[in-house]
Structure formats: structure tokens, C-alpha cells
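This report goes through the fold, the charged pairs and the surface patches of one protein chain. The sequence and coordinates come first.

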Amino acid sequence: MAAQRARRTPLALAVLSLLNERPMHPYEMQALIKDRHVGRVVRMRGGSVYDTVARLAASGLIEPVGTSRAGARPERTSYEITATGRAELDSLLDEYLAEPINEYPRFPAGLAHVLNLAPERAAELLARRAAALRASSAELTADLAAAKATEIPEIVLIEGELQRELLDTELRWVERAARRIGDGDLPWPT
């Protein structure tokens with residue numbers, strides 16, 4: 001079961017998706033994930049792309065198609081998606097796009113217990129969150145504009161547009177909640 005879950009992660013989805021475009025090596029996948037700003041929705045650390053490639057290859061979802069060397073760089077193995085991998089990609093997309101899942105995010109959990117703070121402290125923390133959301137939205141807006149100025153197809157950036165909309169919606173809600181708490185318009189138990 002753990003092996004099944006390990007190959008159904010957002011990073012596995014990204015790797016399968018990239019290999020569905022064409023064969024490539026893990027370093028190139030990492031670069032494309034960064035260039036396309038997929039890293040905003042996929043957790044990557046150190047060699048996580050390489051680990052994911054190894055898991056997907058061991059599961060028969062991808063397979064090596066050759067090695068190459070450029071100059072003095074190390075030899076790189078390129079991979080391609082298998083028919084089983086394409087079926088897994090379709091299954092992942094079906095699941096990710098159609099099935100809403102409550103992932104127990106930290107912010108709503110904090111809000112569920114905010115009454116343990118003094119109203120002034122709660123309003124201050126929400127104002128800090130609003131500032132961070134504003135900065136993230138501005139950064140994402142700039143990243144999307146830069147990416148759209150290149151030859152990256154707009155459909156590749158669609159998750160970034162969703163992220164920006166979600167940030168902006170959360171920002172409006174957080175600002176309104178902080179204002180209501182700060183103004184005393186939101187009743188606070190004593």
C-alpha cells in the first residue's frame with residue numbers, strides 16, 4: 001500500500017506528465033518543474049525527483065531509453081513513460097481533478113482555536129498573514145507574467161493562475177476577518 005501511495009504523489013504526477021511530453025533525464029525534469037513554476041504545487045527537496053524516477057522505474061511506469069554525456073558533465077540516463085505509466089497518469093489526473101479532498105490545512109486548524117488568543121493578538125497575526133499573502137500574490141503575478149512572455153504554453157501555467165486566485169481570495173477574507181476582530185465587530189468570548 002505504501003508503494004502504491006508513493007507513486008501517486010504530486011511529484012510522481014509531474015514526472016509522468018513531463019515524460020508523456022517526451023523522454024528526458026531527471027535533471028531536465030527538475031529544470032522544467034522550476035521553469036514552469038510547478039514547484040509551487042509540488043514539494044521538491046534535494047534529490048526527490050531522482051528518488052521519484054527510481055520508484056516509478058521500479059514500478060514499471062517509466063523505463064530508461066538511453067544515456068548521454070555533455071562535455072565533462074556526468075552521464076545522464078533519459079527515461080520515457082510506459083503504457084502502464086500512461087494509464088497511471090490518466091488515473092492520477094482523474095483523481096486529482098475530479099475528487100475534492102480535505103487535506104487538513106494548518107490555517108483552518110488555527111482558526112478553529114483562535115479564541116484562545118486575545119483579540120488584539122489574533123488581529124495582529126492575521127495582519128501578518130495578509131502581508132505574506134500580498135507578497136506571495138505579487139511574486140506569483142510577476143512569475144506568471146515572465147513565464148507568459150516566454151514560449152511556455154499558457155495551459156502549462158494554469159495551476160499558477162489558480163494559486164493566484166486562491167491567494168487573492170484568502171487575502172480578502174483574512175483582511176476582512178482581521179478588521180472585524182480589530183474593530184470588535186466579531187464577538188469574542190471572555
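## Buried and exposed positions

Ala-130 is found in helix H7. This is a predicted model, and every value below was computed from it. With a relative accessible area of 3%, Ala-130 is buried, because buried means under 20% relative accessible area. Between Ala-130 and Pro-23 there are 42 Å from C-alpha to C-alpha, with the two residues 107 apart in sequence.

Met-29 lies in helix H3, which covers residues 26-35. Its relative accessibility is 0%, and Met-29 therefore counts as buried. The C-alpha atoms of Met-29 and Val-49 are 7.7 Å apart in space, while the residues are 20 apart in sequence.

Ser-78 has its place in strand E2, residues 76-81. Ser-78 is also buried, at a relative accessible area of 16%. From Ser-78 to Leu-89 the chain advances 11 residues, and the C-alpha atoms of the two are separated by 19 Å.

Arg-55 belongs to helix H4, which spans residues 48-58. At 34% relative accessibility, Arg-55 counts as partly exposed. The C-alpha atom of Arg-55 is separated by 8.9 Å from that of Ala-12, 43 residues away along the chain.

## Overall form

How many helices and strands does the protein have? The secondary structure comes to eight helices and two strands. Read from the N terminus, the order of elements is α-α-α-α-β-β-α-α-α-α, so the two strands follow one another, with four helices before them and four after.

The radius of gyration of the protein is 21 Å, whereas a compact globule of 190 residues would have one near 16 Å. Taken along the principal axes, the box filled by the C-alpha atoms is roughly 65 × 40 × 30 Å. Of the 190 residues, 31% count as buried.

## Salt bridges

Nine salt bridges are found in a search of the whole structure. Three of them are listed here with the separation of their closest N and O atoms.

| Positive residue | Negative residue | Closest N and O atoms |
|---|---|---|
| Arg-22 | Glu-28 | 2.7 Å |
| Arg-134 | Glu-175 | 2.4 Å |
| Lys-148 | Glu-154 | 3.9 Å |

At 3.9 Å, the pair Lys-148 and Glu-154 still counts as a salt bridge, because the cut-off is a nitrogen within 4 Å of a carboxyl oxygen. Lys-148 is partly exposed, with a relative accessible area of 38%.

In the salt bridge of Glu-28 with Arg-22, Glu-28 is partly exposed at a relative accessible area of 22%. Arg-22 is partly exposed too, at 36%.

Which parts of the chain does the salt bridge between Arg-134 and Glu-175 link? Arg-134 is in helix H7 (residues 119-148) and Glu-175 is in helix H8, so the pair joins distant parts of the chain, 41 residues apart. Arg-134 is partly exposed, with a relative accessible area of 41%. Glu-175 counts as partly exposed at 30% relative accessibility. Arg-8, Glu-88 and Glu-95 are joined into one network by salt bridges that share partners.

## Surface patches

A patch of positive charge gathers Arg-172, Arg-176, Arg-179 and Arg-180 on the surface. One of these residues, Arg-180, is found in helix H8, residues 158-183. Is Arg-180 buried, partly exposed or exposed? Its relative accessible area is 38%, so Arg-180 is partly exposed. This value fits membership of a patch, because patches are made of residues with over 30% relative accessible area and no salt bridge.

A nonpolar patch on the surface is formed by Leu-93, Tyr-96 and Leu-97, with about 300 Å² of accessible area together. Leu-97 is found in helix H5, which runs over residues 83-98. The relative accessible area of Leu-97 is 73%, and Leu-97 is therefore exposed, the cut-off for exposed being over 50%.

Notes. Residues numbered from 1 in each chain as written. Predicted model: local features only at pLDDT ≥ 70, side-chain atom pairs only at ≥ 80, totals over all residues. Heavy atoms only, no water. Patch = residues over 30% accessible without salt bridge, like charges linked within 9 Å, V, L, I, M, F, W, Y side chains within 5 Å. Areas by Shrake-Rupley, 256 points an atom, 1.4 Å probe, with all protein chains shown as cover. Salt bridge = Lys/Arg side-chain N within 4 Å of Asp/Glu carboxyl O. Lys, Arg positive; Asp, Glu negative; His and termini not counted. Charge placed at Lys NZ, Arg CZ, Asp CG, Glu CD. Buried < 20%, exposed > 50% of the residue type's maximum accessible area, 1.4 Å probe, protein only. Rg over C-alpha atoms; globule rule 2.2 N^0.38 Å.
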